[in-house]
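Student: I have a model open and want to learn how to read it. Can we go feature by feature?
Tutor: Yes, ask away.

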Amino acid sequence: MTRFVDEKDIAILRVIDGLRTAFEWVPIEKIIEKLPYKDFEIKRRIKELEKMNLARYRYVSHYNSFAAMLTEKGFDTLALWDFKKHNVIEKIGAEVGVGKESVIVGCISPKGEWVVVKFHRYWAKEFRNIRKSLAYASVIVRGKELNLEDSRIDIPRAKAQVEMNALEKLYKIEINVPEPLGINRHAIAMKMLTRNGGIPAPQLVRVKLTNPAAMYETIIEDYIKMVEKGDVIHGDFNEYNVIVTEGETPYYIDFPQAVPKSYSEAKFLIRRDLNKISHYFQIKYRLKTKDIEEILKEIMKNNP
């Protein structure tokens, strides 16, 4: 018989989450200390949480005791529970996107509107070579803001914070990004971009534009505004991270690697972003694109 998590399960998961900075595997005695439930009930529930793939539970010889650790699904469950508790979401739907760095789940808000929850993941390969990893750079920038050593940065949580910070800044200056609704641990909630009565809006790469020149012009103007007024350099700006809604209106997504214009390699990143999106329009629509170096010169003149 399928069992759903309840408030006691969530309390146990919260304690494990709270102690994980001190323990890789949290000793059962430490969990019991923090909770007002009977020892046997806590142990029974942790075993059930393991069966639901929300936690792992095993004997750890170093502690001479059993200990627990949350799974990704456990972290996801905590985030979803808190989003529901704070009336960000009401119903949880299916996965609508899966990548190496994130999982996106469709939800319904208490008002009946479509919402997406994006769970950030830790992708080890992404961080092996610092010089090649912009996502690592954005996380380190966030760590410095919080005055944390590199080893103490919770990477999925930091990536969510980087993305939420970018979305909030851009939404405030009326750049077309999904409306940010909330952040919890490694997850962010935002309004789903839709078209044709609720269908998720497609990526630019999946659309045949009726007026590609106008679209390209709008995208470049928006990008310049992102950098100059929003202090946000996307860092991975391409045809997959532009969403096309009704009336061929572009929206911009996927900002976990965003950095401010004060970042040491800002010029390189802006050039790369503009070249990527321009190359797409050159190849697919045979469009004569703008002089990227001239745009870059103008941006850097205004942002020394």
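Student: Is asparagine 87 buried or exposed?
Tutor: Buried means under 20% relative accessible area, exposed over 50%, and partly exposed in between, with a 1.4 Å probe and protein chains only. Asparagine 87 is exposed, at a relative accessible area of 55%. It is found in the loop between α4 and β4. Helices (H or I, at least four residues) and strands (E, at least two) are DSSP runs, numbered from the N terminus.

Student: What should I know about the source of these values?
Tutor: This is a predicted model: local features need pLDDT of at least 70, side-chain atom pairs count only at pLDDT 80 or more, and totals for chains, interfaces and linings use all residues. Residues are numbered from 1 along each chain as its sequence is written, and side-chain values use heavy atoms, with hydrogens and water left out.

Student: What is the average pLDDT of the protein?
Tutor: pLDDT is the predictor's confidence in each residue, from 0 to 100. The protein averages 90, and 88% of the residues score at least 70. Over residues 127-131 the pLDDT is below 50. Where pLDDT is low, the predicted coordinates should not be read in detail.

Student: Back to the backbone. What is the phi of asparagine 87?
Tutor: Most residues other than glycine have a negative phi. Asparagine 87 has a positive phi of about 60 degrees, although it is not a glycine. Aspartate 254 also has a positive phi, near 70 degrees. Aspartate 254 is found in the loop between β12 (249-252) and α8. It is partly exposed, with a relative accessible area of 22%.

Student: Next, the sheet. In what order do the five strands lie?
Tutor: Strands of a sheet pair through backbone hydrogen bonds, either parallel or antiparallel. Here two strands count as paired if DSSP finds at least two bridges between them. The order is β4-β5-β6-β8-β7, in an open sheet with antiparallel pairing. β4 (91-98) and β7 (180-184) stand at the edges; each has a single partner strand, so one side of each is left without a neighbour in the sheet. The twist averages 25 degrees from one strand to the next.

Student: How many bridges join β6 and β8?
Tutor: Five, between residues 114-120 of β6 and 187-191 of β8, in the antiparallel sense. Valine 117 stands opposite alanine 189 in β8.

Student: Which strands does helix α4 lie across?
Tutor: Axes are lines fitted to C-alpha atoms, for helices over the stretch in contact, and angles run from 0 to 180 degrees between N-to-C directions. Contact means heavy atoms within 4.5 Å. Helix α4 (residues 72-85) lies across β4, β6, β7 and β8, at about 130 degrees to β7. Helix α6 (residues 155-172) lies across β6, β7 and β8, at about 160 degrees to β7.

Student: What does leucine 78 contact?
Tutor: Leucine 78 is in helix α4 and is buried, at 0% relative accessible area. Leaving aside neighbours within four places in sequence, its contacts include Ile10, Leu13 and Asn184. Leucine 78 and isoleucine 10 are 68 residues apart in sequence, but 6.8 Å apart in space, C-alpha to C-alpha.

Student: How many residues are in the largest nonpolar core?
Tutor: In soluble globular proteins, nonpolar side chains tend to be buried together. A nonpolar core is a set of buried Ala, Val, Leu, Ile, Met, Phe, Trp, Tyr and Cys residues joined through side-chain atoms within 4.5 Å. The largest has 45 residues; Leu204, Ile219, Tyr252, Phe255 and Phe281 have the most contacts inside it. α8 gives the most to this core, with eight residues. Apart from it lies another core, of 24 residues, among them Ile31 and Tyr57.

Student: Last, charges. How many salt bridges are there?
Tutor: Side chains of opposite charge can pair when their charged atoms come close. A salt bridge here is a side-chain nitrogen of Lys or Arg within 4 Å of a carboxyl oxygen of Asp or Glu. The count comes to 27. Glutamate 41 and arginine 45 form one, with the closest N and O atoms 3.1 Å apart. Both are buried. Arginine 271 and glutamate 293 form another, at 2.7 Å, N to O. Arginine 271 lies in helix α8 and glutamate 293 in helix α9, so the pair ties together parts 22 residues apart in sequence.
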